Amino acid sequence: MIDEYKHKGARKKLVEELAAKGITDKAVLNAMLKVPRHFFFNKTFYAHAYVDKAFPIDEGQTISQPYTVAYQTQILQVHKGEKVLEIGTGSGYQAAILLEMGVKIYSIERHEKLYKKAKLLLNKMGYQANLKCGDGTKGWPEMAPFDKIIVTAGAPIIPKALMTQLAIGGIMVIPVGNEASQIMICMIKKDEKTFEKIELKNFAFVPLIGEEGWEG
Ligand code: SAM
């Protein structure tokens, strides 16, 4: 019980830090206030859960920095009931934030171990997540179109499959660049062939590996 109070306090501090760093969307901040990020960590590393930094998970991957999660989520401007495709489930934390905001989540992870772990944890937390193990650069055609698409690994290009699977009027957020650094791109689909492309800030993600990503 004392520990839970401690985590809640640390979470509140973290959210205040995110607001001070420029995150203004109340729905995003509220979701981050609610989701216990320490659940996505091994107990030994609980002390790192509310520090605004990325942290290693299994398979040489990372749980994204809280600021990055908030930043990408804010760009998506999600509404309750929307269908959101996430590429790179990782720990499942980003998916939990989106689920907390009331969306229907479809999330793909290429590492089976991470996929299984996230599935178990999100279930245990009471979330209804649609998860799949595979190459997310191909999207999830059977479930398309998606109102929003979020890619949480660094891509060399914007995968064509994801552009196709985005609904008209939909928003995709994806970091694109080389393996060391990427620029966050927001794509708004105007019609079947027209996209508005907005280039935002630089980030450093683990690589997106797959048919329309980097070679594994
Ligand atoms: N969203 C995650 C979270 O909240 O913990 C963080 C994701 S981590 C920065 C990026 C993830 O993308 C890794 O787990 C990695 O295995 C996964 N990934 C890389 N390429 C992928 C692909 N083609 N399809 C699906 N997942 C991929």
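Hi everyone, let's start right at the ligand: one of its nitrogen atoms has a polar side-chain atom of Glu86 at 3.0 Å. Keep in mind that this is a predicted model.

Two other polar contacts are worth finding on your screen. Ser91 brings a polar side-chain atom to 2.6 Å from an oxygen atom of the ligand. With Gly136 the partner is in the backbone: a polar backbone atom there is 2.8 Å from a ligand nitrogen. And how much of the ligand's own accessible area does the protein cover? The ligand has 600 Å² on its own, and 99% of that is covered.

Let's step back and look at the surroundings. The ligand has 28 residues around it, with Gly88, Ser91, Glu109, Gly136 and Ile209 the closest. Sorted by class, that shell holds 14 polar, 10 nonpolar and four charged residues. Among the elements that each give at least two residues to the shell are β3 (83-87) and β4 (104-109), and helix α4 does so too.

Now for the nonpolar core. In soluble globular proteins, nonpolar side chains tend to be buried together. Here the largest nonpolar core counts 48 residues, and Met32 and Phe40 have the most contacts inside it. Several elements supply at least two residues each, including α1 (2-20), α2 (26-34) and β7 (166-177). There is also a second, separate core of 19 residues, with Ile108, Leu162, Ile174 and Met187 among them.

Let's zoom in on Met32, which sits in helix α2. Is Met32 buried or exposed? Its relative accessibility is 2%, so it counts as buried. Setting aside residues up to four places away in sequence, Met32 touches Arg11, Val15, Leu18, Pro66, Val69, Ala70, Tyr93 and Ile97.

Finally, some backbone details. Most residues other than glycine have a negative phi, and most peptide bonds are trans. So where should we look for exceptions? The bond from Ala144 to Pro145 is cis, with omega near 5 degrees, and Pro145 is in the loop between β5 (130-133) and β6 (146-151). Glu59 is not a glycine, yet its phi is positive, about 60 degrees. You'll find Glu59 in the loop between β1 (55-56) and β2, partly exposed at 38% relative accessible area. Gln77 also has a positive phi, near 45 degrees. Gln77 belongs to the loop between α3 and β3, and at 49% relative accessibility it counts as partly exposed.

Thanks for listening, everyone!

Notes:
Residues numbered from 1 in each chain as written. Predicted model: local features only at pLDDT ≥ 70, side-chain atom pairs only at ≥ 80, totals over all residues. Heavy atoms only, no water. Core = buried A, V, L, I, M, F, W, Y, C linked by side-chain atoms within 4.5 Å. Buried < 20%, exposed > 50% of the residue type's maximum accessible area, 1.4 Å probe, protein only. Helix = DSSP H or I, 4+ residues; strand = E, 2+ residues; numbered from the N terminus. Contact = heavy atoms within 4.5 Å. Near = heavy atom within 4 Å. Polar contact = N/O pair within 3.5 Å; in protein donor to acceptor, adjacent residues only side chain to side chain. Areas by Shrake-Rupley, 256 points an atom, 1.4 Å probe, with all protein chains shown as cover. Nonpolar A, V, L, I, M, F, W, Y, C, P; charged D, E, K, R; others polar.
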